[in-house]
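Got the viewer open? Let's walk through this one selection by selection, starting with a strand pairing and ending in a loop.

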There are 2 protein chains.
Amino acid sequence: MKLKFNFKKGKTMESNQFKTLISEEGLKSTRQRAEILDIFLNSTGHKNLAEIYAQVAKTNPKIGYTTVYRTLKLLTRLGLAAQRKFADGETRYESTAEGTHHDHLICLGCGKIVEFEDDGLESLQHRIARRHGFKIFHHRMELYGYCGPCAHKKTPLRRKG
Amino acid sequence: MKLKFNFKKGKTMESNQFKTLISEEGLKSTRQRAEILDIFLNSTGHKNLAEIYAQVAKTNPKIGYTTVYRTLKLLTRLGLAAQRKFADGETRYESTAEGTHHDHLICLGCGKIVEFEDDGLESLQHRIARRHGFKIFHHRMELYGYCGPCAHKKTPLRRKG
DNA sequence: CTTAAAATGAAATTGAAATTCAATTTCAAA
DNA sequence: TTTGAAATTGAATTTCAATTTCATTTTAAG
Ligand SMILES: [Mn+2]
Ligand SMILES: [Mn+2]
Ligand SMILES: [Zn+2]
Ligand SMILES: [Zn+2]
């Protein structure tokens, strides 16, 4: 008796989770969604749609930009992706695979994006909110400045975070 | 000998400051700019262009939307206005007349926007940045939740902040 | 005044986000 | 397996705020 093993466990598990989520919503599992999900979950960083689409198109040029757009919106609705709009105005997406909440440090020189968590910050936010009679559900916290290397350089190179 | 006095001192002073700033930049002082500035500085809150234009048009319907747009951009460049983009995606402007830095609490129910300052928060931000080798120049900090009234109501009314 | 430069405002353009719609695919039920 | 309603796809189109264009008017220096 032969058994086949899929060694890409992480991916397979994600796909199954996805299929479950999808069907629970009365939606359908499609090749396109699976491919986009796979590529998106196996990537890191904060990418705009054009970048994600480019990556998808490398694997399957038949998949349309609109489908990538709609799938990222779907993933966001399902909690698998998070949409970010930093001060440069671009709409970016990041995977929530790691799951943990975090905020961002953004280098004005090279564009590097560093993630951080700070419990003190979170609790301070709630204290401030309570002080004004608010109940907080989420927040946006971005720190803009220069990273170590850029703080020294005269002409920092632009790269992506 | 007759002297004329303008009793709207605040306004006049702002106007003079503005004329100085304007001419320092090689720009010209115009009736439109003066009117828009006057209306903008004598208003409070976080308004989008359409709202500011509507207010301007009430006083002088001859002033074009484009001029209001350009003047708000100018005021932003001169530091008299600040552009804000909260999570609803709308572009808003607020006067910096008071001058002090502040962050925002935003009610998801009624849209109310409450401003706050917290030195502890500011210093914590710098501590976090230093921890990651960053030098911070500005930040964005918005807390989203429900204000006291909305936290209780079943169907909060939408109003503007 | 005269004149060059700047400003105005209606109209046109831009570009990202969102929608449309005919063709295709999915999947539950037969 | 077949069927067919419902969902999805993707190219094209639309939307809509932000921005630019450009002919005309206004400002202010000389
Ligand atoms: Mn992140
Ligand atoms: Mn404010
Ligand atoms: Zn940097
Ligand atoms: Zn409220």
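Start by selecting Ala81(B) and Ser95(B): Ala81(B) sits opposite Ser95(B), which belongs to strand β3 of chain B. Bear in mind as you click around that this is a predicted model. Now widen the selection to the two strands. Strand β2 of chain B, residues 81-85, runs antiparallel to β3(B), and the pairing takes 5 bridges. Follow the backbone from β2(B) to β3(B) and you trace a hairpin with 5 residues in between. Stop in the turn at Gly89(B), where phi is positive, about 85 degrees.

Next, keep β3(B) selected and add residues 47-48 of chain B. That is strand β1(B), also antiparallel to β3(B), with 2 bridges. For a handle on the register, pick Lys47(B): its bridge partner in β3(B) is Tyr93(B).

Is β3(B) largely enclosed or not? Colour residues 91-95 of chain B by accessibility: 4 of the 5 are buried, so the rest of the structure largely encloses this strand.

From here, jump to His104(B), which is part of strand β4 of chain B, residues 103-107. Its relative accessible area is 2%, so it counts as buried, the cut-off being under 20%. Show side chains and look for two polar contacts. One links the side chains of His104(B) and Glu94(B) at 3.4 Å. The other, at 3.2 Å, links the side chains of His104(B) and His102(B). Then expand to the contact shell of His104(B), leaving out residues up to four places away in sequence: among those it touches are His46(B), Arg84(B), Phe86(B), Ile113(B), Phe116(B) and Met141(B).

Time to bring in the other chain. Show chain A and chain B together and select the contact residues: you should get 35 from chain A and 35 from chain B. Accessible area lost when parts come together is often how the size of an interface is given. Here chain A and chain B bury about 2,900 Å² between them, with 69% of it on carbon and sulfur atoms. Which residues of chain A lose the most area to chain B? Select Phe134(A), Arg140(A) and Tyr144(A), which together make up 23% of what that side buries.

For the polar side of things, the count between the two chains is 4 salt bridges. Zoom in on Arg140(B) and Glu142(A), whose side chains form a salt bridge at 3.0 Å, N to O. Across the interface there are also 14 residue pairs in polar contact, with both residues at pLDDT 80 or more. On chain A, the elements giving two or more residues to this side are β4 (103-107), β5 (113-116), α5 (119-131) and β6 (135-146). The largest share, 12 residues, comes from β6(A). Colour the chain A side by residue type and you find 20 nonpolar, 8 polar and 7 charged.

Now isolate residues 135-146 in both chains. β6(A) and β6(B) pair across the interface in the antiparallel sense, over 11 bridges. To see one of these, pick Ile136(A) and its bridge partner in β6(B), Gly145(B).

Last stop: Cys110(A), in the loop between β4 and β5 of chain A. Buried or exposed? Cys110(A) is buried, with a relative accessible area of 0%. Finish by putting a distance label between Cys110(A) and Pro149(A): they are 39 residues apart in sequence, while their C-alpha atoms are 9.1 Å apart in space.

Conventions:
Residues are numbered from 1 along each chain as its sequence is written. Chains are lettered from A and ligands numbered from 1 in the order in which they are written. This is a predicted model: local features need pLDDT of at least 70, side-chain atom pairs count only at pLDDT 80 or more; totals for chains, interfaces and linings use all residues. Side-chain values use heavy atoms; hydrogens and water are left out. Buried means under 20% relative accessible area, exposed over 50%, partly exposed in between (1.4 Å probe, protein chains only). Two strands pair if DSSP finds at least two bridges between them. Contact means heavy atoms within 4.5 Å. Buried area is the accessible area (1.4 Å probe) that two parts lose on being put together, summed over both. A polar contact is a pair of N or O atoms within 3.5 Å; within protein, one must be able to donate a hydrogen and the other to accept it, and residues adjacent in sequence count only if both atoms are side-chain atoms. Ala, Val, Leu, Ile, Met, Phe, Trp, Tyr, Cys and Pro count as nonpolar, Asp, Glu, Lys and Arg as charged, and the others, Gly among them, as polar.
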